[in-house]
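Notebook open. I want to see what holds this chain together, starting from its core and working outwards.

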Amino acid sequence: MGLDINCPQCHRLDLVQSVPALCADGMSTSYGTNLYSGVGISTSGLVPIVGTATIERTHTTSLARAFERGPALVPTGRLTRIGVLLLLMPLLTLGPAIAAFLEPGQPRTVISFIGTMMMPALLAIPAVATLLGARSRRRLNARIARGRPHAHAVWSTAFYCHRCGLAFWPYSPVTGVPARQSVTPQQFRWLVWNAAGYHNL
Ligand SMILES: [Zn+2]
């Protein structure tokens, strides 16, 4: 005897679809061009950079969106690059500041050293804040990635009845997910996210 994938609500099979198939149907990809701008460093100083990039957009129907497996990963590369660029400024001022401090005849006290380091330290604040922001994003991404196999195990075994607008599992993939019991898309999402530990993200 195989799995009973009749809808537990209407007891029919004709409008039942597996959730992975539902999401594959509800997704399409398009390509386009986006304008980007930023600031670069050249020998003559900071220069504006404007260019175009080919981007890939994924369109999702609202039903497929309700059946998403979890939060999307947040991009970190750009934030890290900006942080590294911002770090150049304090590093460039550090050498001359130390050279001035070591100049003969200058007072070499703790106070004058702190005064010397003040400007590079102040200039480093935006860089440090940006890099810390990128680090917390990477940690968030790591948590999302850790939860994905658990989310997938629950998500991929579910079915959806288009007549009733309800999802169900023919068998319980993990404890806490009920077998043959219809749930709304919201409840479905809650169960998947709960299995992956995404609720306190
Ligand atoms: Zn049904």
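**Core.** I looked up the largest nonpolar core first, and it has 24 residues. Val19, Ala158, Ala167 and Val192 have the most contacts inside it. A nonpolar core here is a set of buried Ala, Val, Leu, Ile, Met, Phe, Trp, Tyr and Cys residues joined through C-beta atoms within 7 Å. Buried is 20 or more other C-beta atoms within 10 Å of a residue's own, exposed is 12 or fewer, and partly exposed is in between, with C-beta atoms placed from the backbone. Two or more residues each come from α1 (19-25), α4 (110-155), β4, β5 and α5 (185-196). The most come from α5, which gives six.

**Conventions.** This is a predicted model: local features need pLDDT of at least 70, side-chain atom pairs count only at pLDDT 80 or more, and totals for chains, interfaces and linings use all residues. Residues are numbered from 1 along each chain as its sequence is written.

**Overall.** I noted five helices and five strands. These are DSSP runs numbered from the N terminus (helices: H or I, at least four residues; strands: E, at least two). From the N terminus on, the order is β-α-β-β-α-α-α-β-β-α. Of the 201 residues in the protein, 17% are buried. I also checked contacts, meaning C-beta atoms, placed from the backbone, within 7 Å. Among contacts with a separation of 6 or more, 64% are between residues 24 or more positions apart.

**Sheet.** Next I traced an open sheet of three strands, ordered β1-β4-β5 and paired antiparallel. Pairing requires at least two DSSP bridges between two strands. Why do β1 and β5 each have one side without a neighbour in the sheet? Both β1 (16-18) and β5 (166-168) stand at the edges with a single partner strand, so one side of each is left free of a neighbour in the sheet. From one strand to the next, the twist averages 30°. I counted three bridges between β4 (residues 159-161) and β5. One residue pair to mark: Tyr160 has Ala167 in β5 as its bridge partner.

**Ala167.** I listed its contacts, leaving aside neighbours within four places in sequence. They are Val19, Ala158, Phe159, Tyr160, Val183, Pro185 and Phe188.

**Helix α5.** I tested its length. At 1.5 Å times one less than the number of residues, its twelve residues should span 16 Å, and the end C-alpha atoms are 17 Å apart, which agrees. Its buried residues are Phe188, Arg189, Leu191, Val192, Trp193, Ala195 and Ala196. They pack against α2 (62-66), α4 and β5. After α5 comes Gly197, with a positive phi near 75°.

**α4 against α5.** How do these two helices pack, and at what angle? The angle is about 145° and the axes are 7 Å apart. Axes are lines fitted to C-alpha atoms over the stretch in contact, with angles from 0 to 180 degrees between N-to-C directions. At this interface, Gly147, Arg148, His150, Ala151, Val154 and Trp155 of α4 meet Leu191, Val192, Ala195 and Ala196 of α5.

**Ala97.** Last, I went to helix α3 (residues 77-102), where Ala97 is found. Ala97 is partly exposed, with 18 other C-beta atoms within 10 Å. Its C-alpha is separated by 5.8 Å from that of Thr116, 19 residues apart along the chain. Beyond four places in sequence, Ala97 is in contact with Thr116, Met117, Met119 and Pro120.

Conventions
Two residues are in contact if their C-beta atoms, placed from the backbone, lie within 7 Å.
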